[in-house]
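Hello,

Here is the structure I promised to pass on to you. Have a look at it first, and my notes follow below.

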Amino acid sequence: MATRTFPEMPTASSLLSVYASLSASIMIFRTMFEQIVPAQLRRYAVDIAKHYWKPNTSELILLFEEKDGYNPNEMFNAAQLFLSTRITRDSKRLKITKSMKEKHINIKLAESEVIVDSFEGVKVTWTYLSQQQKKMNGDNDDGHPFVSEKKYMELKFDKNYKDIIITSYLPFIIKKAQEVKIQKKVVQLHNLRSPHSAHFNYKQSVNLDHPSTFETLAMDQKMKKEIMDDLDLFVRRKEFYKKVGKAWKRGYLLYGPPGTGKSSLVAAMANYLKFDIYDLQLMNVKDDSSLKDILLDTSNRSILLIEDIDCSILPDRKGPTLPNAPRLNDPKFSLSGLLNFIDGLWSCCGDERIIIFTTNHKDRLDPALLRPGRMDMHIHMSYLTMDGFRTLAANYLNIHDHHWRFREIKELIKSNKVTPAEVAEELMKSDNVEVVLEGLVKFLKRKRMGDDENHQIENGIHDEEAEIREAKKTKIIS
Ligand SMILES: Nc1ncnc2c1ncn2[C@@H]1O[C@H](COP(=O)(O)OP(=O)(O)OP(=O)(O)O)[C@@H](O)[C@H]1O
């Protein structure tokens with residue numbers, strides 16, 4: 001029987017001494033390398049070594065750095081917003097932020113957090129990373145070198161799917177990020193006034209906290225739907241406007257008596273579209289040239305609002321003077337200046353612009369303003385109807401179906417010219433529904449009597465005037 005021989009096994013002490021001499025040699029080599037070879041050459045050698053010795057991988061990594069030079073990198077921001085929609089239960093560390101102006105809490109990935117996503121069957125892995133960088137030039141006040149943080153995202157995937165990722169996944173991320181941005185957007189109200197006016201700052205901005213929405217608006221349901229459909233069509237027609245060669249803008253004229261909800265409708269439109277409002281106070285605009293400066297400072301996806309257009313503007317220099325238009329100090333400002341600029345330069349150098357004029361007296365407007373193609377939709381805000389009252393009752397009193405007082409209220413509303421503002425005021429007078437509705441009925445009755453009296457007085461005056469005219473005629477004839 002053959003006997004197997006084993007090579008002599010090294011002892012533990014001999015292994016230890018080999019290890020010790022090996023690490024000593026590496027250390028000596030490293031020290032010599034660092035002393036003899038200059039730093040730049042060392043880095044170059046390490047890069048080359050890394051390049052040739054890196055493991056053979058089929059992965060491709062795309063880097064999304066926070067900054068592109070000194071400019072913010074939109075793709076980094078888009079990726080951050082997009083990934084906030086991909087956070088799952090498995091996420092371990094998340095960053096929570098909120099600024100004073102924001103209404104929502106932002107949830108973002110914390111450093112080193114990984115998210116696995118899949119797109120058209122391709123698995124991708126996102127990692128959020130940051131790196132501290134010491135600035136070569138300059139120290140802090142305390143003598144320490146400046147340290148900045150470089151933030152970036154890594155997107156890793158199989159390189160065979162490079163085309164899908166670049167041509168489809170990245171645009172998908174941009175689109176999703178845009179949706180999140182719109183969803184989170186806090187609508188702002190900017191007050192625009194002339195840069196040469198007494199106020200140094202000609203654009204004051206605040207969050208628009210107007211709670212008005214299409215749901216809370218008391219108006220004809222059919223008209224409400226028409227407006228919402230019109231807005232929806234407008235925002236999704238980018239390509240259409242481009243195709244037909246028209247600027248992507250839409251004009252609305254809101255007219256009706258005071259207190260019928262013109263301003264509330266503007267706020268509802270802004271809240272619906274998440275568009276900022278630029279409130280242009282024409283009384284404070286000095287001349288055509290400052291108007292241009294102001295308008296050029298407005299952003300896309302916004303509403304330019306000019307309220308009470310009949311009172312706040314002088315007509316075209318060539319056109320007739322409006323009976324109630326107050327005279328501005330400087331006659332350089334004109335309606336034609338405003339309209340030409342809005343139709344021309346302003347609408348062409350921006351996208352998704354809405355312009356809204358409001359007035360209590362449509363009949364007093366300059367025809368130039370009403371000509372077709374200028375204001376695309378004329379919206380009449382009228383006195384309260386029963387339909388509108390039901391919306392107010394649901395909002396203010398939480399009555400969603402019927403109340404025994406509604407029949408009487410319906411009759412009173414029908415025979416009265418009452419504004420939603422007046423009724424809203426009445427509905428706020430108590431927490432007790434019965435008390436409020438009783439008060440409303442009394443108010444509507446009083447108002448009807450008052451209207452009747454006014455009507456009679458007006459008729460009386462007319463009769464008197466007619467008598468005087470008749471008397472004068474008789475006198476002349478005789
Ligand atoms: N249609 C409406 N639906 C709901 N609330 C309304 C409506 N109209 C008026 N209101 C209530 O009345 C208040 C004043 O209305 P709003 O300022 O919108 O009217 P307006 O037509 O713009 O008036 P003005 O012509 O005087 O500017 C609103 O804040 C709101 O509470």
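Let me start with a kink: helix α4 bends by about 30° at Tyr169, and a proline, Pro171, follows within four residues. The bend is the angle between axes fitted to the seven residues ending at a position and the seven starting there; helices are DSSP runs (H or I, at least four residues), numbered from the N terminus. α4 covers residues 162-184, 23 in number, and its first and last C-alpha are 31 Å apart, close to the 33 Å expected at 1.5 Å a residue (1.5 Å times one less than the number of residues). Ile165, Ile173 and Ala177 of α4 are buried, meaning that 20 or more other C-beta atoms, placed from the backbone, lie within 10 Å of their own.

Keep in mind that this is a predicted model, where local features need pLDDT of at least 70, side-chain atom pairs count only at pLDDT 80 or more, and totals for chains, interfaces and linings use all residues. Residues are numbered from 1 along each chain as its sequence is written.

On confidence, the chain has a mean pLDDT (the predictor's confidence in each residue, from 0 to 100) of 80, with 79% of its residues at 70 or more. For the complex, the predictor gives an ipTM of 0.96 and a pTM of 0.69.

Now the ligand: among the 16 residues around it (C-beta, placed from the backbone, within 6 Å), Pro258, Gly261, Ser264, Pro420 and Ala421 come nearest. Helices α7 (262-273) and α14 (420-427) each supply at least two residues of this shell.

Best wishes

Technical notes. Buried ≥ 20, exposed ≤ 12 C-beta atoms within 10 Å, placed from the backbone.
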